[in-house]
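Trainee: I would like us to take a close look at a single part of this model, and to go through it slowly.

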Amino acid sequence: MDVIVVGGGIVGTSAAFHLAGKGVSTALVDSSHPGQATAAGAGVVFPWPFPWDPPPVRDFKARAAEHYPRLMAELAEDGQVTGYEVVGGMSVDREGEDAGYELLGTLAELPEYASMGRVERLAEGEPRERFPLVPAPYGGVYVEGMARLNAVRARTALFNAAEERGLHYFKGDARLLWNGSRVTGVRVGAEDLEAPVVVVAADAWSADLLAVTGVELGVRPVRGQITHFALPGRDTRAWPVVRFGERDYFALAFGPDRVVTGGTLEPEAGFDRRVTATGLLHNLSTALEVLPGLADATVVETRVGFRPGTHDGHQLLGPVERLPGVLVATGLGSEGLTFGPFQGLVAARLAMGEDPGVDLSAFVPDRGQTPL
């Protein structure tokens, strides 16, 4: 084996897909932890950077925005069902029609924002025409290139395409093989798999993997409880993503009749996978306050996932100086579904000894506690 990828979320399967596609002998090891962030994420895809992002973050996001549609098109051409749909998105505001129009319109004119597509100002009442649950007084701005992602389908598409390209799959808990000077592979059950490079993309569980070597990785679980609603008799398939600007709250729809709203952010919950009364109350009360039209909706389920959070809110991506043989790719927090596919590509490039194509100096996995 040339490379072992630990973690079967969207980052790990993306890394495995890109490695296998280059003919690299690759194994994917996945423990299928309940609460894996990929399976629980809402699915909003807005990958473009803002001017206030730090330079390395801005560069990473810009390249991720270019990569996303190309990757999804490649999977679709391969016959995979990606779960990726460009349905457009709106940022709405009760206070007026701007809602970021000037900024987004200016950005959309730049070459590196070409995939953002058309940006339109929406007068009061127009957002409701596109997403009928939005209250009538709201105006806003529409971004043509925003997308939604059924993350389970996307992960499956990446995995299936990687298997077709020769990926080896092992299900079980992985333990790094550490000889005191470098990592030489992983142990899965009673079997030792050896490889010169191990990509640790195990989301919030990544720190546990490195603990055997004495290295503390600055990633922790941030629990999110996300509630799904159904609107029987309503066809929601063409509804765009919507963001309520005054509270940075998202809602999106999937076919045939499902609506998903923003959930909880609980950094102190650890790996407690329960749907709590407080969490459910927060989700229901906030959803009904923002979208009163959900009052008669069916509560279908509440999904619980553990986002991989970091102390400064920025990802962990690259080699670990004290651990030869290890590359880390995690720490995207709530942006995993947006930037995970590109993070996986960068990890694959590093594993193959290639130029990552982006400046990773700010994302050093074992960096100190100083924010960017």
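Which strand is joined to β5 by bridges that run antiparallel, and how many bridges are there?

Mentor: Bearing in mind that this is a predicted model, the strand you are asking about is β7, residues 139–143, which runs antiparallel to β5 and is joined to it by 5 bridges. Within that pairing, S91 of β5 has V141 of β7 as its bridge partner. β5 is also joined to strand β15, residues 241–244, in this case by 4 bridges and with the two strands running parallel; here M90 of β5 is partnered with V242 of β15.

Turning from pairing to burial, it helps to recall that in a regular strand the side chains alternate between the two faces of the sheet. In β5, G89, S91 and D93 lie on one side and M90 and V92 on the other, and both faces are covered, since these residues are all buried, where buried means under 20% relative accessible area. Because 5 of the 5 residues of β5, which spans residues 89–93, are buried, the strand is largely enclosed by the rest of the structure.

To draw the two views together, β5 is a strand with bridges to β7 in the antiparallel sense and to β15 in the parallel sense, while the residues on both of its faces are buried. S91 appears in both views, being the bridge partner of V141 and one of the buried residues on its side of the strand, and M90 likewise is the partner of V242 and is buried on the other side, together with V92.

Key
Residues are numbered from 1 along each chain as its sequence is written. This is a predicted model: local features need pLDDT of at least 70, side-chain atom pairs count only at pLDDT 80 or more; totals for chains, interfaces and linings use all residues. Side-chain values use heavy atoms; hydrogens and water are left out. Buried means under 20% relative accessible area, exposed over 50%, partly exposed in between (1.4 Å probe, protein chains only). Two strands pair if DSSP finds at least two bridges between them.
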